[in-house]
Amino acid sequence: MKMSFHIGENEIILFDEWHTMSWDGLGWSMVGIILLTSIYEGLKSYRDHLYINVTRLKKNTGNSRESSLFSKIHVFQTILHAFQLAIGYCLMLIFMTYNTLLCLAVVLGGVLGYWLFAREKSSGDNIDCCL
């Protein structure tokens, strides 16, 4: 395993079973990584959206900390956080293959995901985020 940035088609990505040995395989892996990173950005934006809406709701209803700790929405947000964490670490490990093309796929997926899912952040519509 090379520990410096390189370009090549023979790469093991995360698992021994995900082993690219051709440029076609590397290209399809890049497409999958771009989609995975876009999903990561979408999940992050969805969690932000949920947080803002739950914060607005709590401000209006005044729930106690104990009741909100075990609420269905908090459990759901915790599960989403676990998925986001797992995907994030997988993307970090993909980047740490130091294959320049795979690193580029991670960056492009992040850009694409932000462009698709983070419209609220760039439009200023979520100014209530700091309630």
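Here are some exercises, each with a worked solution, on a predicted model of a protein.

**Exercise 1. Work out what elements the protein contains and in which order they come.**

Start with the tally: the secondary structure comes to five helices and two strands. Next, walk along the chain from the N terminus, and you meet β-β-α-α-α-α-α. Now look at how much is tucked away: of the 131 residues in the protein, 30% are buried.

**Exercise 2. Check whether the span of helix 3 fits its number of residues.**

Helix 3 covers residues 72-95, which gives 24 residues. At 1.5 Å a residue, taken times one less than the number of residues, the expected span is 34 Å. Then look at the model: the end C-alpha atoms are 35 Å apart, so the two values agree.

While you're at this helix, pick out its buried residues: Gln77, Leu80, Gln84, Ile87, Leu91 and Ile94. Phe76 also sits in helix 3, but Phe76 is partly exposed because its relative accessible area is 36%, between the cut-offs of 20% and 50%. Its C-alpha atom is 9.8 Å from that of Arg47, although Phe76 and Arg47 are 29 residues apart along the chain.

**Exercise 3. Find out how the buried residues are arranged around helix 4.**

First, get the helix in view. Helix 4 runs over residues 100-117, and its 18 residues reach 26 Å from first C-alpha to last, close to the expected 26 Å. Second, list what's buried there: Leu102, Cys103, Ala105, Val106, Gly109, Gly110 and Gly113. Third, look down the axis: these buried residues fall within an arc of 155°, so they line one face of helix 4. Finally, check the other side, where Val111 and Trp115 are exposed.

One more residue of helix 4 is worth a look, namely Leu101. With a relative accessible area of 22%, Leu101 counts as partly exposed. The C-alpha atoms of Leu101 and Gly8 are separated by 8.3 Å, yet the two residues are 93 apart along the chain.

**Exercise 4. Track down the salt bridge and say how buried or exposed its partners are.**

Searching the whole structure turns up one salt bridge. Its partners are Lys44 and Glu41, whose side chains meet at 3.5 Å, N to O. Where are they? Both belong to helix 1 (residues 23-61), three residues apart, or about one turn of the helix. As for cover, Glu41 is buried because its relative accessible area is 11%, which is under the 20% cut-off. Lys44 comes out at 27%, so it counts as partly exposed.

**Exercise 5. Locate the nonpolar patch on the surface and place one of its members.**

Gather the members: Leu14, Phe15, Leu85, Tyr89, Met92, Leu93 and Met96. Together they offer about 660 Å² of accessible area. Now zoom in on Phe15, which lies in the loop between strand 1 (11-12) and strand 2 (19-20). Its relative accessibility is 51%, so Phe15 counts as exposed; the cut-off is over 50%.

**Exercise 6. Compare the UniProt record with the helices of the model.**

The unreviewed UniProt entry lists residues 25-43, 75-95 and 101-117 under "transmembrane region". Take residues 25-43: the span is 100% helix and 0% strand, with its end C-alpha atoms 27 Å apart. Then try residues 101-117, where the chain is again 100% helix and 0% strand, and the end C-alpha atoms lie 24 Å apart.

Note on methods. Residues numbered from 1 in each chain as written. Predicted model: local features only at pLDDT ≥ 70, side-chain atom pairs only at ≥ 80, totals over all residues. Heavy atoms only, no water. Patch = residues over 30% accessible without salt bridge, like charges linked within 9 Å, V, L, I, M, F, W, Y side chains within 5 Å. Areas by Shrake-Rupley, 256 points an atom, 1.4 Å probe, with all protein chains shown as cover. Salt bridge = Lys/Arg side-chain N within 4 Å of Asp/Glu carboxyl O. Helix = DSSP H or I, 4+ residues; strand = E, 2+ residues; numbered from the N terminus. Buried < 20%, exposed > 50% of the residue type's maximum accessible area, 1.4 Å probe, protein only. UniProt positions renumbered as here; feature names shortened; annotations may be inferred. Arc of directions from axis to C-beta.
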